Amino acid sequence: MNANVRRAAVLGGIRIPFARQNGPYARASNQDMMTATLEALISKFELANEALGEVAAGGVLKHSRDFNLTRECVLGTRLDPHTPAYDIQQACGTGLEATILVASKIALGQVDSAVAGGFDTTSDAPIAVNEDLRQVLLELNRSKSNAARLKALTKLRPQQIVPQIPRNAEPRTGLSMGEHAAIMAKEWGVTREEQDELTVASHRNLAAAYDTGFLDDLVTPFLGLERDQNLRPDTSVEKLAKLKPVFGGEEGTMTAGNSTPLSDGASAVLLASEDWAAEHNLPVQAYIVDAQTAAVDHVHAREGLLMAPTYAVPKLLGRNNLSLQDFDFYEIHEAFAAQVLCTFKAWEDPVYCKEKLGLDAPLGSVDRDKLNTHGGSLAAGHPFGATGGRIVAGLAKMLAEKGSGSRGLISICAAGGLGVTAIMEAA
Amino acid sequence: MSDRYQQLVNTPIGKIVSKQIGLPAPVKLERYERGQPVIDGPVLFGSAPGGRLAGAIAQVLSGIDAEVHTALEDEARTAAADAGLDAQVFNAETATEDQRFKALVFDASGIADSTQLSAAYAFFHPTIRRVKTSGRVIVLGTPPDDANTPRQATAQRALEGFVRSIGKEVRKGATAQLIYVGQKAEDQIESTLRFYLSPKSAYVSGQVVQIAAGDQAADGIDWEHPQAGRFALVTGASRGIGRAIAQVLARDGAHVIGLDVPALQRELEETIGELGGSTLVLDITDDDAPQRIADHVLTNHGGVDVVVHNAGVTRDKTLGRMSDEQWDMVLGINLTAQERINEELLARQALNENGRIVCVSSMSGIAGNAGQTNYAASKAGVIGMVHAMAPEVASKRATINAVAPGFIETQMTAAMPIATREAGRRMNSLAQGGLPVDVAETIAWYANPASGGLNGTVVRVCGQSLVGA
């Protein structure tokens, strides 16, 4: 094993605009979106016929036939077919986890170049047959005689025609992600106004990122869509205040405005060793410094489902001798405005920091002017697997523009009580 | 002794009728039962910026395993974290209506002038209607005399009017108290905070008590049996309030020495026998009574830890019609005997270190009462005695305090004419009479070895009576 750890460089990334569920990408498959995104990356970095170390990508909602989807995507691009690929899945943390995986391989010298990607479609969603029907069909398949087949067929019932559609619910609690976030919002006393303000900032920042041309080389048009469909540049706290709560009952504070919509999209990021980048005349934008995942016990201890990043970040800070304030950019995935606000309140709270995180003092507050400065998931939308790549590519460019010594923190919460976090530094 | 009105208005029909025609609706007060937690329900804890008591309060709340909630404010959250309290977060703006509290505890010591009293408003305004039945409102401040500036003294004094008004506003058996914690007395608040939070203080409301710095630390106290290993003398112990006092002190682990007159010897022996205590039969107005009491406790127990001056009589007559026997008897039993016994015990070093003298005064002693010139004089005198003797008693590392009961349901009150009795029962914030055990629990709080910060004080057990307030 190579004892010399190398720095894993982020050279840049690209994505297609994110669309709302059943919008322009209604008929696009995950494979369509990921292939198009990889093609855009190939064009951006002139990777045609290049045999990369590997491509790792994944999504949350996948058809059972897509057991090797990333490899199929690679085969559909101009990359050298000798480029290996694999699929990974860690709920909303998928894209960032893919980045961490390939960065670790680069650091260890196992590969010199790699693409980390992610995708998701909530429109072209897999639909499974009714569980009863599935059992009948399996029995039919197992039957060896016509009599046995007939007997199996007699078990068919009209109601078995109803299919199983994927639900956005936690298997062990039966609650939707939004209901879980509403519980957290209530526990932390998060107000409607705070959430709507954060939402407005997300939209304004993303709109500005388009208007200033920051996203020109980070987003490539797809199926006629040029900007994220969910973006509302002119939204305001007043407008958002008119929306009815969708989670947490009538007294709830969470609306369709301050929660991310179901979305479709894909993203990809190119990472490499410094040597590989130099050989290919590609400038390094940033480095993956360190990463940390964590999980909460939302089942037995009834911890907030989306609070795992609160555990991950202090470990990351401790290992790198950093304080929470030592960053120029904070890229906190806005699954719900409430999730971001709960996370901040937790890090500011002496009780939570001591009782849950085992810290002597609270981590303190995050400068809101440094939060999701070029827009977040509330504005862009959140195709689960694609969010990590959107954030890594955006942050790498921000750090490159900010210059040497600048530093960014990524924090993504995920279903199942998971959290994925990372630190990046400018080249 | 039963309060038929209270029973009636608590029937389903009675509730409707009393509400319709606006009659007082006294609830059945929650009272302490052995083994209960100090407080059964969530406690909301807040602090005015710059306070000095949040840490001490959080320590107590942690010690009683209370379910604590606080707003996301530095003072309270830091104090909670330091005390190891896994406090939940409360935001009045987002909390649903069903979020209610058994107690609201507010550290007002940081309030430095009248403009900052708005901190108390800000804490209680959105929460006061969230107080549960038999709930508790407790404000802690700095004694005006200990304030650094006239403005601070003014603002701290203002808290009295604020808290007493809350006491009159909260319903359903809830109470309100103000605790002035002297400089450097932060470590003395536990026994008082526990008492006021718990159902033991059921009939105490609208009270202002001052805790001073003390050197009588009670580390490692067993809060279930704070009197373990201590000897408690209770005068008039055979029946009524005295009997309840003996029972509560025995429950707290004390060996009770029950004292009463020879005529009540049989009742006394019965009462005290059940408690595993001992008896002393004498008339406290006898010339040699103080000496015999001191002899008894020194010989049998090497001294006494708690002395409760409960014995008392009434001989009501308007002054012009009162005989000199009626005057002399009431003053002799209710006041002079207490003075003589205290002097003798102190002179002969019969009161042990960390000793407690608790005297029973009366609301009449504070407010005066027609037909009770003798009784009111004696009971007001008790308050004077407690105040005057406090420094000397403190020099013996002991304390002297008084309780002043209001309308307590006893055989005495049962014999009153109905109009007088009903007026006495209803004219207080809890709209009912107290029970002997309410007086006894208050005495037990003063008698607690951890109550060393309380000296020369008087607390009324009157449900915040309108009389003499």
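**Strands, helices and burial in two chains**

Trainee: Which residue of β12(B) stands opposite B:Val307?

Mentor: The structure is a predicted model, in which local features need pLDDT of at least 70 and side-chain atom pairs count only at pLDDT 80 or more, whereas totals for chains, interfaces and linings use all residues. Residues are numbered from 1 along each chain as its sequence is written, while chains are lettered from A and ligands numbered from 1 in the order in which they are written. Strands β11 (residues 304–309) and β12 (residues 351–360) of chain B pair in the parallel sense over five bridges, where pairing requires at least two DSSP bridges. Opposite B:Val307 in β12(B) stands B:Ile357.

Trainee: Which are the edge strands of the open sheet in chain B?

Mentor: Strands (E, at least two residues) and helices (H or I, at least four) are DSSP runs, numbered from the N terminus. Seven strands of chain B form the open sheet with parallel pairing, in the order β10-β9-β8-β11-β12-β13-β14. Each edge strand pairs on one side only, and the two are β10 (278–281) and β14 (458–461).

Trainee: At what angle to β13(B) does α13(B) run?

Mentor: Axes are lines fitted to C-alpha atoms, for helices over the stretch in contact, and angles run from 0 to 180 degrees between N-to-C directions. Helix α13(B) lies across β12, β13 and β14 of chain B. Its angle to β13(B) is about 160 degrees.

Trainee: Is B:Lys396 buried, exposed or partly exposed?

Mentor: B:Lys396 lies in the loop between α13 (373–395) and β13 (399–405) of chain B. Beyond four places in sequence, B:Lys396 touches B:Leu346, B:Leu351 and B:Gly355, a contact being C-beta atoms, placed from the backbone, within 7 Å. A residue is buried with 20 or more other C-beta atoms within 10 Å of its own, exposed with 12 or fewer, and partly exposed in between. B:Lys396 has 16 such atoms within 10 Å, so it is partly exposed.

Trainee: How many of the 11 residues of α6(A) are buried?

Mentor: The buried residues of α6(A) include A:His180, A:Ile183 and A:Lys186. They pack against β6 (245–247), β7 (254–255) and α11 (337–348) of chain A together with β3 (88–89) of chain B. Helix α6 (residues 177–187) of chain A is largely enclosed by the rest of the structure, because the number of its residues that are buried is 11 of the 11.

Trainee: How many residues does chain A bring to the contact with chain B?

Mentor: On the side of chain B, helix α4 (residues 74–82) gives the largest share, four residues. Chain B contributes 15 residues in total, and the number from chain A is 14.

Notes:
Two residues are in contact if their C-beta atoms, placed from the backbone, lie within 7 Å.
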